[in-house]
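Visitor: Please put the model up, then take me through it part by part.

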Amino acid sequence: MSRSRRRPYAEQRPQDLGGGVCSVPVPIPGNPLGYTLVYALESPKGPVLVDAGWNHPDAWAALSGGLAGLGIDVASVRGVVVTHFHPDHAGLAGQVRQESGAWIAMHEADAALVELMHGLSDDAHRDFQSEMLKLAGAGADEIAAVHAGPARPATEPTGAARAGGRESRSAAPQGRQVPAMPDLRLRDGDLIDLPGRKLRAVHTPGHTPGHICLHLEDADRLFTGDHVLPDITPHVGIYPYDRTDVDPLGDFLESLGRVGELGMLDALPAHEWIFPDVAARTAQIRHHHEEKLERLHAQLSERAEPPTIWETAAMMTWNRPWADLPPVLRGMAAGEAAAHLRTLEARGAVRRLSGDGPVRFKAIES
């Protein structure tokens, strides 16, 4: 199988990966992550895309031109399967549908969020964000600074990490985009409408509630979206921060276990590069998060006063010191801190203290 190390977008090229699968790098303007890898799977009734890329003229030119260079007319695309609703994956799906009449498929949990986003005004989104930051313990100046910065959807990690090592950078693109509504709502185990092939949806929540990987069962390949990346891990946060009815990090760790059980599949991720043995990588990522949870519990145990979510984020390790993180990235870091606290709470390792002020967390000694 073709394997390509991470290179700048300018050095990326569309590739025929063999077995009726091609990849097209689609740029994410203004984003240090560089690009989304969009995959095209051939079928007798037209190709199906896995993801589509960020909605921008340069990205559209790269997608349509890259497909054309591989002998695929974008007008012939049969469908787009979106691994999750974030705009660097779903952004161009609507334009592909306009050009070709293709269907758009997405897991039902993410489709529900897209529907919610379509009904949410910019003012309502701002009010929601303000209240969330206040409950986390952010001050008035910090809240104002977050609003003053560019809108950065949580598409990529704030505190993601190399397995067993360094925390990675955020790579969230600028601009609030609302993806096109999907035509098809998928569930775990559903087969994709790809004639002549066997492509199955594997529900892998964590990065988003409806994230899916796609198992090409007739070729031992797994399209991993953002769930399993070769060098970094995805942003896993809670929004709003104080929710008690979800455990996205717990879901993420469980989903990694499910993917690992699929065996030594070749991984075709949405970022970075193609790599073998997805099961080995899932084990590394799980180990990294377990170490991070253990370290956080120890830090909480040493605190004289139970910290807020915002204070917890400030004491965790990111790729840069907390003081150097831009305000919007602090907000994303708080989302990740909230997810780690929620998992510790679900495991009985911390206790939530709520009252008139911000939510706080106290370590429970074993």
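Visitor: Which residues does Ile 309 touch, not counting residues up to four places away in sequence?
Guide: Residues are numbered from 1 along each chain as its sequence is written. The model is predicted, with local features needing pLDDT of at least 70, side-chain atom pairs counting only at pLDDT 80 or more and totals for chains, interfaces and linings using all residues, while side-chain values use heavy atoms and leave out hydrogens and water. Contact means heavy atoms within 4.5 Å. With residues up to four places away in sequence left out, Ile 309 touches Ala 136, Tyr 241, Ala 334, Ala 337, Ala 338, Leu 341, Val 359 and Phe 361.

Visitor: Which members of the largest nonpolar core touch the most other members?
Guide: Such a core is a set of buried Ala, Val, Leu, Ile, Met, Phe, Trp, Tyr and Cys residues joined through side-chain atoms within 4.5 Å. Buried means under 20% relative accessible area, exposed over 50%, and partly exposed in between (1.4 Å probe, protein chains only). Of the 49 residues in this core, the ones that touch the most other members are Tyr 241, Leu 300 and Ile 309.

Visitor: Which element gives the most to this core?
Guide: Helices (H or I, at least four residues) and strands (E, at least two) are DSSP runs, numbered from the N terminus. Elements supplying at least two residues each include α7 (248-260), α8 (278-301) and β13 (360-363). With 9 residues, the one that gives the most is α10.

Visitor: How many residues are in the second, separate core?
Guide: Ala 59, Val 77, Ala 90 and Met 117 are among its members. The count for this separate core is 26 residues.

Visitor: How many residues of α10 are buried?
Guide: α10 reaches 29 Å from its first C-alpha to its last, close to the 28 Å expected at 1.5 Å a residue, the expected span being 1.5 Å times one less than the number of residues. Just after this helix, Gly 348 takes a positive phi of about 80 degrees. The helix is mostly covered, and of its 20 residues the buried ones number 18.

Visitor: Which residues make up the uncovered face of β13?
Guide: β13 forms a hairpin with β12, with 6 residues between them, and Arg 352 has Phe 361 as its bridge partner. Phe 361 and Ala 363 are on the covered face of β13, which leaves on the uncovered face Arg 360 and Lys 362.

Visitor: How many aromatic pairs does the structure hold?
Guide: Rings of Phe, Tyr and Trp (its six-membered ring) pair if their centres lie within 6.5 Å; planes under 30 degrees apart count as stacked, over 60 as edge-to-face and the rest as tilted. By that rule the number of aromatic pairs is 3.

Visitor: In the pair of Tyr 239 and Tyr 241, what is the angle between the planes?
Guide: The ring centres are 5.8 Å apart. The pair counts as tilted, with the planes at 50 degrees.

Visitor: Is Tyr 241 buried or exposed?
Guide: Its partner Tyr 239 has a relative accessible area of 31% and is partly exposed. Tyr 241 has 3% relative accessibility, so it counts as buried.

Visitor: How far apart in sequence are the parts that Trp 310 and Trp 322 tie together?
Guide: These two form an edge-to-face pair, 5.5 Å centre to centre with 85 degrees between the planes. Trp 310 lies in helix α9 (residues 309-315) and Trp 322 in the loop between α9 and α10 (327-346), so the pair joins parts separated by 12 residues.

Visitor: Which strands are the edge strands of the open sheet?
Guide: Two strands pair if DSSP finds at least two bridges between them. The 7 strands run in the order β1-β2-β3-β4-β5-β6-β7, with mixed pairing. Those that pair on one side only are β1 and β7 (184-186).

Visitor: Why is strand β2 (residues 21-27) described as largely enclosed?
Guide: On one side Val 21, Ser 23, Pro 25 and Pro 27 are buried, and on the other Cys 22, Val 24 and Val 26. In a regular strand the side chains alternate between the two faces of the sheet. β2 is largely enclosed by the rest of the structure because its buried residues number 7 of the 7.

Visitor: What is the bridge partner of Val 24 in β3?
Guide: β2 and β3 (residues 35-41) run antiparallel and are joined by 7 bridges. Within β3, Val 24 is matched with Val 38.
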